[in-house]
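Biologist: I should like to go through this structure with you, beginning with the overall fold and then turning to particular places. Could you put it on the screen?

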Amino acid sequence: MFNRLWGSQDQQQPQPRPQDGSSQTQSWYPPSVSAVSSPSSSRPATPNASSFGLHSSSHVPPSEAAGVIAVLKDKSVDELRKLLSDKDAYHQFLHSLDQVKIQNNLKDELHKENMQLVEENLQKEPRIVELRNQCRIIRTTELAAAQEKLNELEKQKEEMLKLNSPASLLQRIQEAMNVTEEESENLHQQLLDREIDLAGFLQKYKKLRTAYHRKSLIHLAAKTSNI
């Protein structure tokens, strides 16, 4: 690309080797970049994308790399040599690129947004502390009382389930049958002892025996069912 810029002047001319003790400019660039401005040549070698850090491994989009190369094409040989030897000049040129300006603006915006989020979070911290204290109070007072009430209700539930279990119901029916049977025998004894007349005995005895047989049928049906 830069062959059109320098033309035939890109060919390096041999120069005499410097005498011992002569000073050479030390470049802060890596060898791949410093080689471009080697003092052994009268002009810098043909620059390319990799000379200014635009390697393919740096993940620079081709369009951005082409834009940087387009800017470099308009610079003179002395300006290019200064970019390769002067760190401040290189950074000044780098930060003047539109792509770098865009990235810096994005970085500043993200930093500003992050600072705003930090400030908002710090402003919410007292409210968070207050809510935590309220939760602690609820957990140690209201929650404890609610847990005790829940345990009591669970206990009542277990007692009711146990009381109304099939086995318990059968037992209660059997106990009711035994009580009715005992009342019938007591009434019969009263008749024998002439403590009750025959008409009163028949009326009460009929009711007791009817209740007894009803309970007996319920008990038998419950035992033979799938309850």
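Modeller: What follows is a discussion of a predicted model, from the overall fold to single residues.

Biologist: To start, how many helices and strands does the protein have?

Modeller: The secondary structure consists of 9 helices and 0 strands. The pattern along the sequence is accordingly written α-α-α-α-α-α-α-α-α.

Biologist: And what percentage of the residues is buried?

Modeller: Of the 227 residues, 18% count as buried. The protein exposes about 17800 Å², and carbon and sulfur atoms supply 54% of that area.

Biologist: What share of the contacts joins residues 24 or more positions apart?

Modeller: Among contacts with a separation of 6 or more, residues 24 or more positions apart account for 62%.

Biologist: Let us turn to the interior. Which residues form the largest nonpolar core?

Modeller: That core has 9 residues: Val 68, Ile 69, Leu 72, Leu 80, Leu 83, Ala 89, Phe 93, Leu 97 and Val 100. The elements giving two or more residues to this core are α3 (62-73), α4 and α5.

Biologist: Which element gives the largest share of it?

Modeller: Helix α3 does, with 3 residues.

Biologist: Now the packing of the helices. How do α4 and α5 pack, in angle and axis distance?

Modeller: Helix α4, residues 77-85, and helix α5, residues 87-96, pack at an angle of about 105 degrees, and their axes are 5 Å apart. With that angle, α4 is roughly perpendicular to α5.

Biologist: Which residues meet there?

Modeller: Lys 82, Leu 83 and Ser 85 of α4 meet Lys 87, Ala 89, Tyr 90 and Phe 93 of α5. By class, the contact of α4 with α5 comprises 4 nonpolar, 1 polar and 2 charged residues. Leu 83, Ala 89 and Phe 93 are also listed among the residues of the largest nonpolar core.

Biologist: Moving along the chain, at what angle do α5 and α6 cross?

Modeller: The axes of α5 and helix α6, residues 98-140, cross at roughly 75 degrees and come within 5 Å. These two helices are therefore roughly perpendicular to each other.

Biologist: Why does 75 degrees earn that description?

Modeller: The crossing is at roughly 75 degrees, and angles from 65 to 115 degrees count as roughly perpendicular.

Biologist: What residues make that contact?

Modeller: On the α5 side they are Leu 94, His 95 and Ser 96, and on the α6 side Asp 98, Val 100, Lys 101 and Asn 104. The contact of α5 with α6 divides into 2 nonpolar, 3 polar and 2 charged residues. Val 100 is also one of the core residues.

Biologist: What about α6 and α7: roughly parallel or roughly perpendicular?

Modeller: Their axes cross at roughly 30 degrees and come within 3 Å. Helices α6 and α7 are therefore roughly parallel to each other. In α6, Ile 137, Ile 138, Arg 139 and Thr 140 meet Glu 142, Leu 143 and Ala 144 in α7. The classes in the contact of α6 with α7 are 4 nonpolar, 1 polar and 2 charged.

Biologist: While we are on α7, where is Leu 163, and what does it touch?

Modeller: Leu 163 belongs to helix α7, residues 142-163. The residue is partly exposed, with a relative accessible area of 47%. Not counting residues up to four places away in sequence, Leu 163 touches Ser 168, Leu 169 and Arg 172.

Biologist: A change of subject: which residue has a positive phi although it is not a glycine?

Modeller: Arg 194 does, with a phi of about 60 degrees. Arg 194 is in the loop between α8 (166-192) and α9 (198-224).

Biologist: Is that arginine buried or exposed?

Modeller: Arg 194 counts as exposed, at 76% relative accessibility.

Biologist: Then on to α9. Is His 219 buried or exposed?

Modeller: His 219, which is found in helix α9, is buried, with a relative accessible area of 13%. Leaving aside neighbours within four places in sequence, His 219 is in contact with Leu 170, Ile 173, Gln 174 and Met 177.

Biologist: And Lys 223, how far is it from Pro 166?

Modeller: The two are 9.0 Å apart in space, C-alpha to C-alpha, and 57 residues apart in sequence. Lys 223 also lies in helix α9 and counts as exposed, at 56% relative accessibility.

Definitions and conventions: Residues numbered from 1 in each chain as written. Predicted model: local features only at pLDDT ≥ 70, side-chain atom pairs only at ≥ 80, totals over all residues. Heavy atoms only, no water. Axes fitted to C-alpha atoms, helices over the stretch in contact; angles between N-to-C directions. Helix = DSSP H or I, 4+ residues; strand = E, 2+ residues; numbered from the N terminus. Parallel < 35°, antiparallel > 145°, perpendicular 65-115°, else oblique. Contact = heavy atoms within 4.5 Å. Nonpolar A, V, L, I, M, F, W, Y, C, P; charged D, E, K, R; others polar. Buried < 20%, exposed > 50% of the residue type's maximum accessible area, 1.4 Å probe, protein only. Areas by Shrake-Rupley, 256 points an atom, 1.4 Å probe, with all protein chains shown as cover. Core = buried A, V, L, I, M, F, W, Y, C linked by side-chain atoms within 4.5 Å.
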